[in-house]
Amino acid sequence: MKKVILGVLVLGSLAYGAQYTKADRIKDMRTMAGAMNTIESGFFYNNYETVAAGVTKLSDTIENVKPPIEEETEKNPMARYMNGKIKMTNKIVKKINQKALTILQRFKSGDSSQAVQAYTKILGQCMKCHREIRRW
């Protein structure tokens, strides 16, 4: 009986420890901002490796972004709707990933103006999310 209770406690603590929190989201947002700066530096120095490193970091980090546990466990349905906006978040993640690949393809082929345009569209998606979710 003690082993069963211990097992349940261990699984519960592991499950709770794996939850995505607001602090995790803030950390991911800072990482994505750094990735965007890396991409921009790659543009300025015409360095494909720098751009690729920034795109990789951005794509890896954006996959983690989701509503934090505090918003998912909200009891009020209207507050959950206003906080989460999960469908919008998923669309933005998909668009950012598509534009990140466009940056790599266009920059590698020598079409830096189109790569910069894709970068600008990613910034637009970032601002869309900040306006809708964070009320900026």
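**Chatting about helix α3 and a salt bridge**

Me: Hi! What caps the N-terminal end of α3?

Reply: Asparagine 47 does that job: one of its side-chain oxygens sits 3.0 Å from the backbone nitrogen of glutamate 49. Keep in mind that this is a predicted model.

Me: Good to know. How many residues does α3 have, and how far does it reach?

Reply: Helix α3 covers residues 48-62, which makes 15 residues. From the first C-alpha to the last it reaches 21 Å, close to the 21 Å expected at 1.5 Å a residue.

Me: And which residues of α3 are buried?

Reply: They are Val51, Ala52, Gly54, Val55, Leu58, Ser59, Thr61 and Ile62.

Me: Let's pick threonine 61. Why does it count as buried?

Reply: Its relative accessibility is 6%, and buried means under 20%, so threonine 61 falls in that class.

Me: What does threonine 61 touch, leaving out residues up to four places away in sequence?

Reply: Threonine 61, which lies in helix α3, touches Asp28, Thr31 and Met32.

Me: New topic! How many salt bridges does the structure hold?

Reply: Just one. Arginine 106 pairs with aspartate 111, and their closest N and O atoms are 3.5 Å apart.

Me: Why do arginine 106 and aspartate 111 count as partly exposed?

Reply: Partly exposed runs between the 20% limit for buried and the 50% limit for exposed. Arginine 106 has 34% relative accessibility, so it counts as partly exposed. Aspartate 111 has 25%, so it counts as partly exposed too.

How values were computed. Residues numbered from 1 in each chain as written. Predicted model: local features only at pLDDT ≥ 70, side-chain atom pairs only at ≥ 80, totals over all residues. Heavy atoms only, no water. Helix = DSSP H or I, 4+ residues; strand = E, 2+ residues; numbered from the N terminus. Expected span 1.5 Å × (residues − 1). Buried < 20%, exposed > 50% of the residue type's maximum accessible area, 1.4 Å probe, protein only. Polar contact = N/O pair within 3.5 Å; in protein donor to acceptor, adjacent residues only side chain to side chain. Salt bridge = Lys/Arg side-chain N within 4 Å of Asp/Glu carboxyl O. Contact = heavy atoms within 4.5 Å.
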